[in-house]
Amino acid sequence: MDAFFRTHAYLVEHMDAPVRRELMNEINWHDRLIGIKGTRGVGKTTFLLQYAKEYCNVKDRKCLYVNMNNFYFQGRSFSDFAGEFYRKGGRRLLIDQVFKHPDWSSELRKCYEQYPQLRIVFTGSSVMRLKEENPELNGIVKSYNLRGFSFREYLNLKTSNNFKPFTLNDILKNHERYARDIVGKVDLRPHFTDYVHHGFYPFFLEKRNYSENLLQTMNMMIEVDILLIKQIELKYLSKIKKLFYLLAQNGIQPLNISTLAKEIETSRATVMNYIKYLADARLINIIYEVGEDFPKKPASVMMHNSNLMYAIYPLKFEQQTLMETFFVNTLWKDHVVNAGHKNGYYIVDTDKTFKVHGTETIKRTHNRNNVIHIKHDLEIGKDNQIPLWLFGFLH
């Protein structure tokens, strides 16, 4: 146990988190079992250590961070480990990459039942379906998603500002005032250009090639998160990777599932399952018609965030595709986004229609049809025309 405490103390003391994630304020830390899901590279480990630094005294040994990658847990029950920690006064156990333990869900249930004053916070892959696939956790786990950096978080980091997030209704009602305030403090355009290229994943802070790092992360999402958690045989790995590349090449266009099935030599049903797994891994976003969902055929598929588009070579894409990808990604956390009646149109929460524009002029007649126009070449909007970058302040 002493070795784990020494590791915990070292990691917390040397933890460098230049941005305090908004999720820290959204979680009820009094809950006894908290699951934090997120795709690789979004900073789940740093988030746990940041929590330990803010809420715990590293010297009192009541809080402990452990990683299930540690070989100590091979063949050992971490519920027994939690019991030893609990009997020695431990009250907060932070478990990183919990899915690496084969019996993780039943072990968590055992801890919950046997140690009533122990609070457990654990991280796992976005592919995990905590409640749907682990009924023993129903009613006892509170699940949250940690996203990559929002444009707001990125901008705060780069400019040393402390801009606060807005709700969608805030933006719709007050976008002109908000935009004027922000534009008055920062030179927005170069930061936005940089963000859509390399600002979503926090490892842009590392002194490594961002695209190569992202490619490695994308491969790990498929090879480990999808294959391991979904228990897919290794021989199917190449099919999933090829499907992902084909989807990336397709852009935001209607899907031909039969053609995709033929290309990767599998069934239509398997293609649909693979698409769902890629979405769970936060590699793509699936757009459905209003009222439809999996396993129905989606209206279109796009990359989960704009950074992924630059990392896939040689992928050629239009500026319009890039901007629509950014727009959908900003809304994905708290809103339902469905396909509109034409290209570039999206219906949000079933009652709001948005049109993402390029540089084309908006006809005056369009202002009467309750469409909210999103333009990427605006810094400050007017009436129902809103600058695209401002949606990066939704979280």
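**Stop 1: strand β10**

Select residues 352-357 to bring up strand β10, where 5 of the 6 residues are buried, so this strand is mostly covered. Keep in mind as you click around that this is a predicted model.

Now add residues 345-348, which form strand β9. The two strands run antiparallel and are joined by 4 bridges. To see one pairing up close, show Tyr346 together with Phe354, its bridge partner in β10. Then look at the turn of this hairpin: 3 residues lie between the strands, and Asp349 takes a positive phi near 55 degrees.

What joins β10 to strand β11, and in which direction do they run? Select residues 371-375 to find out: 5 bridges link β11 to β10, and these two strands run parallel. For a pair to zoom in on, pick His357 and its bridge partner in β11, Lys375. While you have the strands on screen, here is a pattern to look for: in a regular strand, side chains alternate between the two faces of the sheet.

**Stop 2: two crossing helices**

Next, select residues 257-264 for helix α11 and residues 268-280 for helix α12. Their axes come within 9 Å and cross at roughly 95 degrees. Because angles of 65 to 115 degrees count as roughly perpendicular, α11 is roughly perpendicular to α12.

Show the side chains where the helices meet. On α11, choose Ile257, Ser258, Leu260, Ala261 and Ile264. On α12, choose Arg268, Val271, Met272, Tyr274 and Ile275. Colour them by class and you will find 8 nonpolar, 1 polar and 1 charged residues in this contact.

**Stop 3: a histidine in helix α7**

Move to residues 168-183, helix α7, and pick out His175. Is His175 buried or exposed? Its relative accessible area is 2%, and buried means under 20%, so His175 is buried. Leaving aside neighbours within four places in sequence, the residues in contact with His175 are Asp170, Gly381, Lys382, Asp383, Gln385, Ile386, Pro387 and Leu390.

**Stop 4: helix α4**

Finish with residues 78-87, helix α4, which is mostly covered, with 7 of its 10 residues buried. Highlight the buried ones: Phe78, Ser79, Phe81, Ala82, Gly83, Phe85 and Tyr86. What covers them? Turn on α1 (2-13), β2 (63-67), β3 (92-96) and α5 (104-114), which are among the covering elements. Last of all, step just past the helix to Gly89, which takes a positive phi of about 100 degrees.

Conventions:
Residues are numbered from 1 along each chain as its sequence is written. This is a predicted model: local features need pLDDT of at least 70, side-chain atom pairs count only at pLDDT 80 or more; totals for chains, interfaces and linings use all residues. Side-chain values use heavy atoms; hydrogens and water are left out. Buried means under 20% relative accessible area, exposed over 50%, partly exposed in between (1.4 Å probe, protein chains only). Two strands pair if DSSP finds at least two bridges between them. Axes are lines fitted to C-alpha atoms, for helices over the stretch in contact, and angles run from 0 to 180 degrees between N-to-C directions. Angles under 35 degrees count as roughly parallel, over 145 as roughly antiparallel, 65 to 115 as roughly perpendicular and the rest as oblique. Contact means heavy atoms within 4.5 Å. Ala, Val, Leu, Ile, Met, Phe, Trp, Tyr, Cys and Pro count as nonpolar, Asp, Glu, Lys and Arg as charged, and the others, Gly among them, as polar.
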